[in-house]
Amino acid sequence: MNDHTIPAFSLEFFPPRDLAAQERLVRAAKQMLAIQPRYVSVTFGAGGSTRAGTADTVRTLRNLGCDAAPHLSCVGASRDQLREILQAYRDEGVRRVVALRGDLPSGMGGDAGELRYARDLVEFIRAETGDWFHIEVAAYPEMHPQSGSVKADMQHFVDKVNAGADAAITQYFFNADSYFDFVDRAQEKGVTIPIVPGIMPITNHSQLLRFSEMCGAEVPRWIRLRLAEYGDDKASIRAFGIEVVTRLCETLLDGGAPGLHFYTLNSAEAPMGIWKALGR
Ligand code: FAD
C-alpha cells in the first residue's frame, strides 16, 4: 500500500470558548492522536468572530505534533483582512487551509464582504500565495441548502475545484448512496481530487436534529425514530450512534472513499468508539 491508498483520516475541532474547554480539547486531541490523523482542522466563525481563537487552536494542535489546517471563510471579509490572515498563517509555517464561503451569523449586518463564493476565495488564495497552501473545500452530497438545483450546485462545486482546490470534505450525511452518487457525478465532470466524507458521530438527539436542520443534512426516519425512543438514555444513544456510524464508515471505505473526516465536536469519545469499531 502506498500513501495514496491508505485512507486519510482527519479530525475537525472548533475553537474552545474558555480555559476549561481548552483543556478538554487538548485532552481529546491527545487521545485521538492514536488515529494518526493526516491532519486536523479548526473551524472559523464566519465574519471573523473566532479569528484569534482559530489561530490559537491551530497553534495548540501544531504544538501537539498535528498538521493543523485553519478554516477560513470569505463572507463579510475584505481582501486586505484575508491577505493578513493568510500571511500570518504563512509566517507560522501553516501549509493547509479549508476555504469556505461561510454564513454570516444573524445580527452581523448585511455586509457580504469582497468575495462572494468559496470559489473566489480559492482563486484569491492561489493568486496571493501560489502553491503554498494545500486547499480543502466543502462538498454537499445532499446539495447545499441554498442551492436552486442539484445540477447548478454540482457545477459550482466543479468551478470551485477548478479554481485550485486540492481536496474536498463533504457535509455529513447518513445515506452512503448520496456520497457515491455525488462522487460519480463529480468525476463525470472531470473532478479527480479526493472527496473525503465528513462523518458526524451521533451522540445527542436534539443537537443532531438542530444541526441537520441548519445544514440541510437528512437524518433518515428510522434513525430519528430509534433516537426518539431512547429519550434521555444517553448510553443507548451512544451505543446506537457508534453502531450506525461505524456501518456507514465501513460502507464508505469499502466503496472507495479516500478517507474519513470526523466532526469531533471537541470530544474523543464517539470518534474513538467508531475508530475502534472500524478496526482499521
Ligand atoms: P460555496 O461553495 O461558495 O457555495 C455556497 C452556495 O453558493 C451554494 O449553494 C452554491 O451552489 C452557490 N454558488 C456557488 N457559486 C455560485 C455562483 N457562481 N453563482 C451562484 N451560486 C453559486 N462554516 C463556517 O462558518 N465556518 C467553518 O469553519 C465551516 N466549516 C465547514 C467545513 C465543512 C467541511 C463544510 C461542509 C462546511 C463548513 N462550513 C463552515 C459551512 C459553510 O460555510 C456553509 O455551508 C456555507 O453556506 C457554504 O460555504 P461553501 O464554502 O460551501 O460555499
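What share of the 280 residues of the protein count as buried? Keep that in mind while you look around this predicted model. The answer is 49%.

**Stop 1: the whole chain.** Show everything as a cartoon. You should find 10 helices and eight strands. Now switch to the C-alpha trace and turn it about: along its principal axes it spans about 50 × 50 × 45 Å. Why does a radius of gyration of 18 Å agree with a compact globule? Because a compact globule of 280 residues would have one near 19 Å.

**Stop 2: the outside.** Turn on the surface. The accessible area adds up to about 13700 Å², and carbon and sulfur atoms own 48% of it. Next, colour the charged side chains: there are 30 positive and 35 negative ones. The centres of these two sets sit 2 Å apart.

**Stop 3: the core.** Hide the surface and head inside. The largest nonpolar core holds 87 residues. Select Phe157, Phe174, Ile195, Leu252 and Leu260, which have the most contacts within that core. Then pick residues 234-254, which make up helix 9: this helix gives the core its largest share, eight residues.

**Stop 4: one residue up close.** Zoom in on Leu260. Leaving out neighbours within four places in sequence, which residues does Leu260 contact? Early in the chain there are Ala8, Phe9 and Ser10; then come Val196, Pro197 and Ile199; then Cys249, Leu252 and Leu253; and finally Leu278.

**Last stop: zoom back out.** Look at contacts across the entire protein, counting those with a separation of 6 or more. Of these, 80% join residues 24 or more positions apart.

Note on methods: Residues numbered from 1 in each chain as written. Predicted model: local features only at pLDDT ≥ 70, side-chain atom pairs only at ≥ 80, totals over all residues. Heavy atoms only, no water. Helix = DSSP H or I, 4+ residues; strand = E, 2+ residues; numbered from the N terminus. Rg over C-alpha atoms; globule rule 2.2 N^0.38 Å. Buried < 20%, exposed > 50% of the residue type's maximum accessible area, 1.4 Å probe, protein only. Contact = heavy atoms within 4.5 Å. Areas by Shrake-Rupley, 256 points an atom, 1.4 Å probe, with all protein chains shown as cover. Lys, Arg positive; Asp, Glu negative; His and termini not counted. Charge placed at Lys NZ, Arg CZ, Asp CG, Glu CD. Core = buried A, V, L, I, M, F, W, Y, C linked by side-chain atoms within 4.5 Å.
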